[in-house]
Amino acid sequence: MQRVFTAKVHILTWILLLIIVGLTFWGGWTGEGLTLAFSLILASVMIERIIHSRYVIDSNNGLTIHQGKFSRSQTIPLEQILRVDVIRWPAIGKFALRRYLLLVLRNGREVPVSPTREDEFVDCIMSMRKKAARQERDNGMASRQPLGGNDPFMTQEFEDEEDDD
């Protein structure tokens, strides 16, 4: 199963894009060729990232973060995600300019993501992690069961392992 979530565009990103578009018009109006070229390239890269940023959650591959065609995709295995924190920055009481999710990984890395439907995103990650753990446990059970008859020693070892969980 595969779920796709689009990235949320924050108000600060829209303000920066508006400034760059204004700089583009100014560069064209005054004949500043270098300013015009630089601001056109910057605006096209920003617009492309806004349109094509998405998060794909797959039970086989994990979480794949696509941030446009000009940047490399990043894949994070679901079992590497330790926890998901909600970050509000800068927060003044209940008001915050920016709200995003911070994925804390087992190797100590932190990956910020901002999907449009945050609750569904977190629920999907948790359900996919549970499903992957269940499949891994079931595959482990099938490989440890004896092929020719019931061996009581293997059954006892397996039952002890179940009790530890």
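1. A quick definition before we start: a crossing of two helices is called left-handed if the near helix is turned anticlockwise from the far one by less than a right angle, and right-handed if clockwise. In this structure, which is a predicted model, helix 1 goes past helix 2 in a left-handed crossing.

2. Staying with that pair: two packed helices are described by the angle between their axes and the distance between the axes. For helix 1 and helix 2, the axes come within 8 Å and cross at roughly 150 degrees. That makes the two helices roughly antiparallel, because angles over 145 degrees count as such. If you want to find them, helix 1 covers residues 11–30 and helix 2 covers 33–52.

3. Now the sheets. Strands of a sheet pair through backbone hydrogen bonds, either parallel or antiparallel. One open sheet here has four strands in the order 1-2-3-4, and its pairing is antiparallel. Strand 1 (2–6) and strand 4 (74–76) are at its edges; each has a single partner strand, so one side of each has no neighbour in the sheet. On average, neighbouring strands of this sheet are turned by 20 degrees against each other, ignoring direction.

4. Inside that sheet, have a look at strand 2 and strand 3, which pair in the antiparallel sense over six bridges. For a concrete spot to click on, try Val56: its bridge partner in strand 3 is Thr64.

5. There is also an open sheet of three strands, ordered 5-6-7, again with antiparallel pairing. Strand 5 (81–92) and strand 7 (110–113) take the edge positions, each with a single partner strand, so one side of each is left without a neighbour in the sheet. From one strand to the next, the twist averages 30 degrees.

6. Strand 6 (residues 95–105) pairs with strand 7 in the antiparallel sense over four bridges. Here, Val104 has Glu110 of strand 7 as its bridge partner.

7. Last, the largest pocket, with a volume of about 490 Å³. Which residues lie nearest its centre? They are Lys8, His10, Thr13, Arg98 and Ser114, out of 20 residues that line the pocket. By class, that lining has eleven nonpolar, six polar and three charged residues.

8. The pocket also ties the earlier points together. Helix 1, helix 2, strand 2, strand 3, strand 6 and strand 7 each give at least two residues to its lining. Of these, strand 2 and strand 3 belong to the four-stranded sheet, while strand 6 and strand 7 belong to the three-stranded one.

Terms used: Residues are numbered from 1 along each chain as its sequence is written. This is a predicted model: local features need pLDDT of at least 70, side-chain atom pairs count only at pLDDT 80 or more; totals for chains, interfaces and linings use all residues. Side-chain values use heavy atoms; hydrogens and water are left out. Two strands pair if DSSP finds at least two bridges between them. Axes are lines fitted to C-alpha atoms, for helices over the stretch in contact, and angles run from 0 to 180 degrees between N-to-C directions. On a 1 Å grid over the protein atoms alone, a cavity is a set of points where a 1.4 Å probe fits but cannot get out, and a pocket is an open set with protein on both sides within 12 Å along at least five of seven lines; lining residues have an atom within 4 Å of a point. Grid points are joined across faces, edges and corners, and a volume is the space filled by probe spheres set on the points. Ala, Val, Leu, Ile, Met, Phe, Trp, Tyr, Cys and Pro count as nonpolar, Asp, Glu, Lys and Arg as charged, and the others, Gly among them, as polar. Angles under 35 degrees count as roughly parallel, over 145 as roughly antiparallel, 65 to 115 as roughly perpendicular and the rest as oblique.
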